[in-house]
Amino acid sequence: MDIRPNRIKDKIAAGEVATIVGGMTHPDDIDAFGPIATAHGMDGIWLEGEHGWVDASELGNLTRACDLWGLTSVCRVNDNNQGLIYRTLDRGAQGIVVPHVNDAAEAQNVVDGGKFPPIGKRGSYTSRQGLGVPNFMDVADDNSLLIILIEDIIAYEKLDEIIAVDHIDVFFVAPGDFAASMGHKGNVGHPDVTETMNDAYRRIVASGRTAGAICGKPNAERFLDLGVKLLFTNTPEWINEGAASFMDIVNNHSN
């Protein structure tokens, strides 16, 4: 048996734009969404372990649901801790998102937790993604996706040293905390925030590394124009749009 492909990593390697969708918190949600995602060519599911309920006990079923539909499972953890990073991979996540990475040493810590020796220090264990894969230890590093969040102004100030760290797949500029760290809490559209984040994207792309962004329909073009190759979007926007369209029909008929 071969290791399951990592759609996001494969697309990025091919120079294509990859997409990841959040807002699902149960394996049944992923099962229900799976046919829609695959029909439209989406690539992955974001499993929320920093601000959400996802933990090690849930990851087996969540990642199995992603595997069923060929969707890459990516889990955000709540701490830049090597043991937490590789346990999350051991439980079946194909990718890791680590918050608040603010310098090169912290970026290297993500690599150390996410890659086996000699690249990193990941504990020697066959994860559930490796069951039945005889050469898992040889191919795992090539298929695990490491994403770090640039979400503090201090990270922006040290961006050059951070993006020089090897084996990080995506440098994801996250708007909420970024704005707050600039003194504009709750105002991600402030011109200073927008321009600083845009500069971060440009520098990441110019360095030959991969940039990631959170977006919806209204601002997807902005990030694509900046060269972003991983777009994360959330389902509530779609649910709201669908609910509004449905209620427009109901209300127009009633009137």
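Start with the whole chain in view: for 255 residues a compact globule would have a radius of gyration near 18 Å, and the 19 Å of this protein agrees with that. Keep in mind throughout the tour that the model is predicted. If you turn the C-alpha trace along its principal axes, the spans come to about 70 × 40 × 30 Å. Switch to a cartoon display and you can follow 12 helices and 8 strands.

Next, show the surface, which amounts to about 11,700 Å² of accessible area, with 53% of it belonging to carbon and sulfur atoms. Beneath that surface, buried residues make up 49% of the 255 residues. Colouring by charge brings up 20 positive and 36 negative charges, and the mean positions of these two sets are 3 Å apart. Among contacts with a separation of 6 or more, 65% are between residues 24 or more positions apart.

For a first close view, select T88, which lies in helix α4, residues 82–90. With a relative accessible area of 4%, T88 is buried, because buried means under 20%. Display its surroundings and, once the neighbours within four places in sequence are left aside, you will find T88 in contact with L59, C75, V77, A93 and I96.

Now move to the aromatic rings, where 6 pairs are counted. Select W46 and F172, whose ring centres are 5.9 Å apart and whose planes meet at 55°, so the pair is tilted. W46 belongs to strand β2 (residues 44–48) and F172 to strand β6 (residues 170–173), so this pair ties together parts that are 126 residues apart in sequence. Both W46 and F172 are buried. Add F232 to the selection, and the view holds one aromatic cluster formed by W46, F172 and F232.

From there, select Y201 and F223, which have ring centres 5.4 Å apart and planes at 70°, so this pair is edge-to-face. Here the link between distant parts of the chain runs from Y201 in helix α10 (residues 191–206) to F223 in helix α11 (residues 220–225), the two residues being 22 apart. Y201 counts as buried at 1% relative accessibility, and F223 is likewise buried, with a relative accessible area of 3%.

The remaining stops concern the backbone, and they are best seen with the main-chain atoms drawn as sticks. Select P117 and P118 together: the peptide bond from P117 to P118 is cis, with omega near 10°. P118 itself sits in the loop between α5 (104–114) and α6 (136–143).

Then select H100, in the loop between β4 (95–98) and α5. Its phi is near 50°, a positive value in a residue other than glycine. H100 counts as partly exposed, at 30% relative accessibility.

Finish at H167, which you will find in the loop between α8 (159–162) and β6. The phi of H167 is near 75°, again a positive value in a residue other than glycine, and with a relative accessible area of 40% H167 is partly exposed.

How values were computed: Residues are numbered from 1 along each chain as its sequence is written. This is a predicted model: local features need pLDDT of at least 70, side-chain atom pairs count only at pLDDT 80 or more; totals for chains, interfaces and linings use all residues. Side-chain values use heavy atoms; hydrogens and water are left out. Helices (H or I, at least four residues) and strands (E, at least two) are DSSP runs, numbered from the N terminus. The radius of gyration is taken over C-alpha atoms; the globule rule is 2.2 Å times the number of residues to the power 0.38. Buried means under 20% relative accessible area, exposed over 50%, partly exposed in between (1.4 Å probe, protein chains only). Contact means heavy atoms within 4.5 Å. Accessible areas come from the Shrake-Rupley method with a 1.4 Å probe; for residues, only the protein chains shown count as cover. Lys and Arg count as positive and Asp and Glu as negative; His and the chain ends are not counted. The place of a charge is taken as NZ of Lys, CZ of Arg, CG of Asp or CD of Glu. Rings of Phe, Tyr and Trp (its six-membered ring) pair if their centres lie within 6.5 Å; planes under 30 degrees apart count as stacked, over 60 as edge-to-face and the rest as tilted.
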